[in-house]
Amino acid sequence: MRLLLEETDEAHSLSMEQILARLNLAGIEAERKTIYADMAALREHGLDINAQRGKTIGYFIGQRDLELVEVKLLIDTVQASRFLTERKSRALINKIGKLCSKHEAKSLGRQVYVTGRIKNMNESIYFNVDALHNAITKDRQITFRYLTHALAGKKHYRRDGAKYQASPFALTCDSENYYLIAYDSGAGQLKHYRVDKMESIALCDEKREGKAQFGLVDMARHASRNFSMYGGEEKQLTVRFSAHLLGTVIDRFGPGIPIEQTDEGHFTAQVRVAVSPPFFGWLFSLDGDAQILEPDDVAALMREKLSQTSALYVDNGAK
């Protein structure tokens, strides 16, 4: 089975003589009748062994658990993930490559671009993910310390290193980072934590709290409302966009949001978002083609943020 999986695919087959020779090199003596019986048993257990007729009959694996295009998609995802270190990315890509034949694996090497990409330096994320899934499965709260970056690369912790305690519910990706969604009993709300910034994760005896609050979360819409997983009060906004941004708005908030064309060059959208600095930053990135119409307090907050930023660039005569 391993011989066929590693060395054959639809473009590469092995004849009976080649199979016997390779088994012999591995110290396994066999004859044709035994191989035929073995292949019949493997087929019965789901292995798609095909026979290709030519001058000789060649045997190869047809359909696999994952098609080559699916393997490539997984590799693309791994190499694009900033929360994985370069070393872990390469190790995981090598393992994924074993899901196809060695011939197909050669074509994967051409699309692996890990070196030079901005990658996280914290390899403990592997263990963090396992610990968090374990806590979720066991319905237990966790404690952990939370890192914050500092100058000169020194390690500093929020709350001066005091431990956080929370009820973990889900893991999600956003803006190329991996986040834990957990309920903070003290604050009485759901919060997001970067998984690569969590340290010393430990299970508590207490059962998880906040199940009712998490039950109200629509995970499919959660990421569209929370920009970069940044917390903020959720509000319903009316925003006017230039017509050419229709695709951008639908990609961000989904096709089900209320949209109304106001004139030939503009439309308004009713969107529900967590009002936060990353949200304002996203609006600013649209280069003046988006304007908050309602509510007034959010529009005023946007004006305040823009004024604060503008003040940093006022010419004060400094050379």
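Here are a few notes on helix α7 and the core around it.

1. Keep in mind that this is a predicted model, where local features need pLDDT of at least 70, side-chain atom pairs count only at pLDDT 80 or more, and totals for chains, interfaces and linings use all residues. Residues are numbered from 1 along each chain as its sequence is written, and side-chain values use heavy atoms, with hydrogens and water left out.

2. Helix α7 covers residues 125-138; helices here are DSSP runs of H or I, at least four residues, and strands are runs of E, at least two, numbered from the N terminus. From first C-alpha to last, α7 reaches 20 Å, close to the 20 Å expected at 1.5 Å a residue. Right after α7 comes D139, with a positive phi near 60°.

3. Which residues of α7 are buried? They are I125, N128, V129, A131, L132, A135 and I136 (buried is under 20% relative accessible area, exposed over 50%, with a 1.4 Å probe and protein chains only). These fall within an arc of 165° seen down the axis, so they line one face of the helix (the arc uses directions from the helix axis to the C-beta atoms). The face turned away carries exposed F127, D130 and T137.

4. The largest nonpolar core has 27 residues, meaning buried Ala, Val, Leu, Ile, Met, Phe, Trp, Tyr and Cys joined through side-chain atoms within 4.5 Å. L132 and V195 are among those touching the most other members. α7 gives the most to this core, with 5 residues.

5. V195 has contacts (heavy atoms within 4.5 Å) that include I125, N128, V129 and L132.

Methods
Expected span 1.5 Å × (residues − 1). Lists of a residue's contacts leave out its neighbours within four places in sequence.
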